[in-house]
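Below is a colleague's note on the structure, set out as numbered points. Please read each point with the coordinates open.

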Amino acid sequence: MPYKLSATLSAHSSDVRAVASPTENIILSASRDSTAIPWLRPSPSSPFSPASILRAGNRFINAVGYIPPSPDAPQGYAVVGGQDMVINIFALDSANKEDPQYSLVGHSDNVCALNITPLGTIISGSWDKTAKVWSQFQLQYDLKGHQQSVWAVLAIDEHQFLTASADKTIKFWVQNKMMRTYNGHKDAVRGLALMPDIGFASCSNDSEIRVWTMEGDVVYTLSGHTSFVYSLSVLPNGDIVSGGEDRSVRIWRDGECSQTIIHPAISVWAVSTMPNGDIVSGCSDGVVRVFSESEDRWANAEELKALEDQVASQALPSQQVGDVKKTDLPGPEALFDPGKKPGEVKMIRNGDIVEAHQWDSATSSWQKIGDVVDAVGSGRKQLYQGKEYDYVFDVDIQDGVPPLKLPFNVSENPYAAAQRFLEQNDLSLNYIDEVVRFIEKNTAGVSLGGGSEYVDPYTGASRYQSSASSAPSAAPSSQYMDPFTGASRYSGASQHPAAPPPAMPPPPSVAKIIPYTKFVSFKQANVSAMQSKLYQFDEALRSEISTASLAMYPEELMLIDESFTYLSQITSQPPHGTIPPLGAAHIETIIQILDRWPASQRFPVIDLSRLVTAYFADAAAAPGARERFFECLFKASDWSSVVSRGKPLSKAQETNVLLLFRTVANCFQEGTPIADGQWVNQVFNALKQAPHELLTKTQRVAFATILFNFSCAYLKTPVVADVRSQHLGLIVQLLRSGNDDPEVAYRTLVALGNVAYAAKAHNAQIDISQATELKQTVVGLPSAFPDDRIKNVAGEIVGLL
């Protein structure tokens with residue numbers, strides 16, 4: 001009988017990175033949502049339900065295991081490991097789910113692998129390049145020898161162990177002595193499984209599975225996965241089960257793939273097998289699924305159909321299923337011919353849609369696995385990060401790391417897409433030409449960058465399109481994947497940790513744009529990965545004697561944890577939980593950390609400031625708090641050095657200044673108290689020293705957004721003359737700075753228009769000499785920027801002045 005869905009277990013809010021299924025009635029799952037869940041059922045005929053939520057910190061949990069029952073723990077123990085570098089052990093029958101019974105401390109980096117013997121010996125693998133063996137909850141052996149992260153571990157018995165690494169090797173250990181190294185995989189080795197009477201199996205980022213004897217001979221190689229293979233398990237009958245980045249769980253029998261189970265998720269991170277022969281998978285969609293070969297354990301017809309529909313509705317990139325030329329494809333009649341082998345993929349043309357179907361030898365039928373959205377002319381889009389694209393490419397950047405996703409629409413400029421991709425993934429802009437060539441090569445024959453309307457080089461999918469309404473709509477947030485992604489690719493090598501600027505829409509050709517009242521904010525972020533990077537830096541400081549005193553104190557850590565918890569809740573879609581406000585204590589903690597951390601490690605803290613000010617505007621509402629907060633921010637960005645050196649900014653300065661500007665922009669929003677002018681005066685005094693000739697385009701857009709957001713606030717609240725005069729001075733300074741970006745000019749002009757409009761409304765006319773200077777600056781801009789938006793708003797401003 002084929003394997004079919006038996007149960008769908010949904011409780012996690014992020015990727016399920018590990019699963020274990022030691023008995024027919026227990027499943028353990030671990031997730032990037034910082035929790036592990038034991039799923040229990042009273043009998044094999046009952047449904048699984050979460051017995052509790054195990055919380056062992058606020059960081060990703062990547063590995064989970066099970067220790068069989070003992071007198072101290074009649075239901076056994078759950079063992080979890082993750083980014084906090086601690087292995088926590090919970091008794092499943094304990095009433096206390098917050099505090100583990102045991103915590104094993106020793107690793108110095110992310111714990112990414114666990115395996116446990118029937119007698120309770122634990123072996124763990126870590127990004128610190130070591131594996132450790134723990135007996136009776138005490139460290140027994142350190143296994144040192146790998147050159148890179150240890151991604152997989154396997155205990156053969158109490159004294160023999162296997163470890164696998166991103167260095168592409170597998171090592172065999174007797175106690176703590178390395179006895180043999182197995183070479184053969186061409187990329188990082190991600191999973192291990194014991195093969196009774198043979199040896200063991202391994203899987204790799206090279207998309208292959210190898211079966212080895214303990215002596216080092218390869219018995220056979222299993223090929224069929226089309227991307228990274230992350231996890232392996234072995235069924236009671238000796239069949240191998242694998243899961244990987246190609247959305248599939250595959251069952252291998254006698255050296256051949258006997259069944260492929262496609263999932264409605266990008267990554268199948270983990271697989272496990274149960275004593276009754278059922279299969280458990282954990283995926284990037286946060287769902288745990290159970291599949292059974294036994295018909296009496298199959299889900300009902302409605303659930304089976306729902307999964308089938310989910311899979312069929314997925315959008316597949318053509319590079320995942322092969323080259324596509326739509327005109328050469330057969331129609332649906334081709335599905336009457338049987339497949340030649342299990343897992344064979346066939347593409348057909350169904351009207352204007354290109355469909356992918358996969359041969360399921362278990363049911364002797366073709367199963368639709370999705371629409372090939374980036375087939376040229378398919379007419380279908382691919383959904384990625386909540387946005388639709390014509391293409392989503394896989395781009396391999398680094399060994400041992402899943403490919404990065406490069407979304408692209410044929411209507412956008414390839415250079416804009418390339419720049420967005422590099423900045424969002426913290427890669428050097430030196431690669432931009434190479435990425436453009438990659439896009440052009442893989443979209444050969446397609447007319448790129450179509451349309452004459454302006455495309456902001458930092459927003460990609462957010463094109464400026466004319467509006468038919470009488471007033472512009474709210475500025476849309478640009479498609480955003482910040483550099484806090486995947487394995488925290490937000491490193492010191494090339495720091496561009498910021499979102500592309502939100503795009504302001506163009507004015508309709510006949511409607512007036514002034515006054516424009518809708519604030520622009522920089523709110524987008526991957527909060528959990530930002531948190532991970534901040535903690536990584538803290539741990540690095542803590543681990544060195546010379547910098548240990550700079551690390552966060554326990555009280556600070558608690559308040560930073562609270563900040564991230566609140567931000568995770570409020571940025572979730574939809575927001576969940578009761579979200580209490582952040583306050584003065586949280587702002588004070590940020591100030592203290594910024595005051596003492598090295599410049600190169602401040603950027604995640606400044607970025608945290610950006611979100612705190614965006615979502616909790618009153619956090620710095622206490623008297624004098626804003627002034628102290630901004631004094632700290634400018635100091636943390638090394639502003640005095642930036643304005644005095646007259647040389648290009650270092651990477652750390654470039655990043656910190658960008659985040660400084662975005663934080664300041666977020667401080668001007670609906671209800672911001674600007675009337676007294678004290679803190680605004682402080683900010684403007686600092687900004688007037690800005691070396692515009694050294695700023696990047698992204699920084700200048702953020703600078704212009706500060707001026708624009710202040711003007712929106714001024715439309716509703718009068719300010720003292722000195723502040724208004726300073727603001728106008730900054731506008732002139734930016735417009736005359738030699739800037740060549742029309743988006744910067746447009747935002748700055750709208751800010752000027754708002755101020756001129758508000759001055760009349762508040763009966764606070766602009767000084768005649770200043771108005772003359774502004775007119776002279778404005779009238780020359782339409783010739784410098786052949787952009788209808790600028791021409792229209794410049795005309796309005798001249799009339800107002």
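**Notes on side-chain contacts and local geometry**

1. Arg32 is buried, with a relative accessible area of 17%, and the model in which this value was computed is a predicted one. Its salt-bridge partner is Asp15, with the closest N and O atoms 3.9 Å apart, a separation to be read against the cut-off of 4 Å. Because Asp15 lies in the loop between strand 1 (4-10) and strand 2 (16-23), while Arg32 lies in the loop between strand 3 (26-31) and strand 4 (35-40), the pair ties together parts that are 17 residues apart in sequence. Asp15 is likewise buried, at a relative accessible area of 13%.

2. Across the whole structure, a search finds 16 salt bridges. One of them joins Arg210 to Glu208, where the closest N and O atoms are 3.8 Å apart; Arg210 counts as buried at 13% relative accessibility, and Glu208 counts as buried at 18%. Salt bridges also link Asp239, Arg253 and Glu293 into a network.

3. Where in the structure do Glu743 and Arg747 lie? Both belong to helix 15 (residues 742-761), and they are four residues apart, about one turn of the helix. The two form a salt bridge whose closest N and O atoms are 2.7 Å apart, and both Glu743 and Arg747 are buried.

4. Turning to the aromatic residues, the structure holds 26 aromatic pairs. The ring centres of Phe629 and Phe630 are 5.6 Å apart and the ring planes meet at 55 degrees, so this pair is classed as tilted; the angle falls short of the edge-to-face class, which requires over 60 degrees. Phe629 and Phe630 are both buried, and they belong to a cluster, linked by ring pairs, that also contains Phe668, Trp679, Phe684, Phe710 and Tyr714.

5. Two arginine side chains deserve a look for their placement relative to aromatic rings. The charged end of Arg626 sits over the ring of Trp679, at 5.6 Å from the ring centre, and Trp679 is itself one of the residues in the cluster described above. The charged end of Arg596 sits over the ring of Tyr553, with a distance of 4.3 Å to the ring centre.

6. Strand 31 (residues 345-350) and strand 32 (residues 353-360) run antiparallel and are joined by six bridges, and in this pairing Lys346 has His357 of strand 32 as its bridge partner. Together the two strands form a hairpin with two residues between them, and Gly351 in the turn has a positive phi of about 70 degrees.

7. How many of the 20 residues of helix 13 are buried? The count is 18, and the helix is accordingly described as mostly covered. As a check on its geometry, the 20 residues of helix 13 (residues 697-716) should span 28 Å at 1.5 Å a residue, and the end C-alpha atoms lie 30 Å apart, which agrees with that expectation.

8. A final point concerns Thr613, which is found in helix 8 (residues 603-615) and is buried, with a relative accessible area of 8%. A polar atom of the Thr613 side chain lies 2.9 Å from the backbone oxygen of Ser609, a distance that can be set against the cut-off of 3.5 Å for a polar contact.

Methods
Residues numbered from 1 in each chain as written. Predicted model: local features only at pLDDT ≥ 70, side-chain atom pairs only at ≥ 80, totals over all residues. Heavy atoms only, no water. Phe/Tyr/Trp six-rings, centres within 6.5 Å; stacked < 30°, edge-to-face > 60°. Buried < 20%, exposed > 50% of the residue type's maximum accessible area, 1.4 Å probe, protein only. Lys NZ or Arg CZ within 6 Å of the ring centre and 35° of its normal. Pairing = 2+ DSSP bridges. Salt bridge = Lys/Arg side-chain N within 4 Å of Asp/Glu carboxyl O. Expected span 1.5 Å × (residues − 1). Polar contact = N/O pair within 3.5 Å; in protein donor to acceptor, adjacent residues only side chain to side chain.
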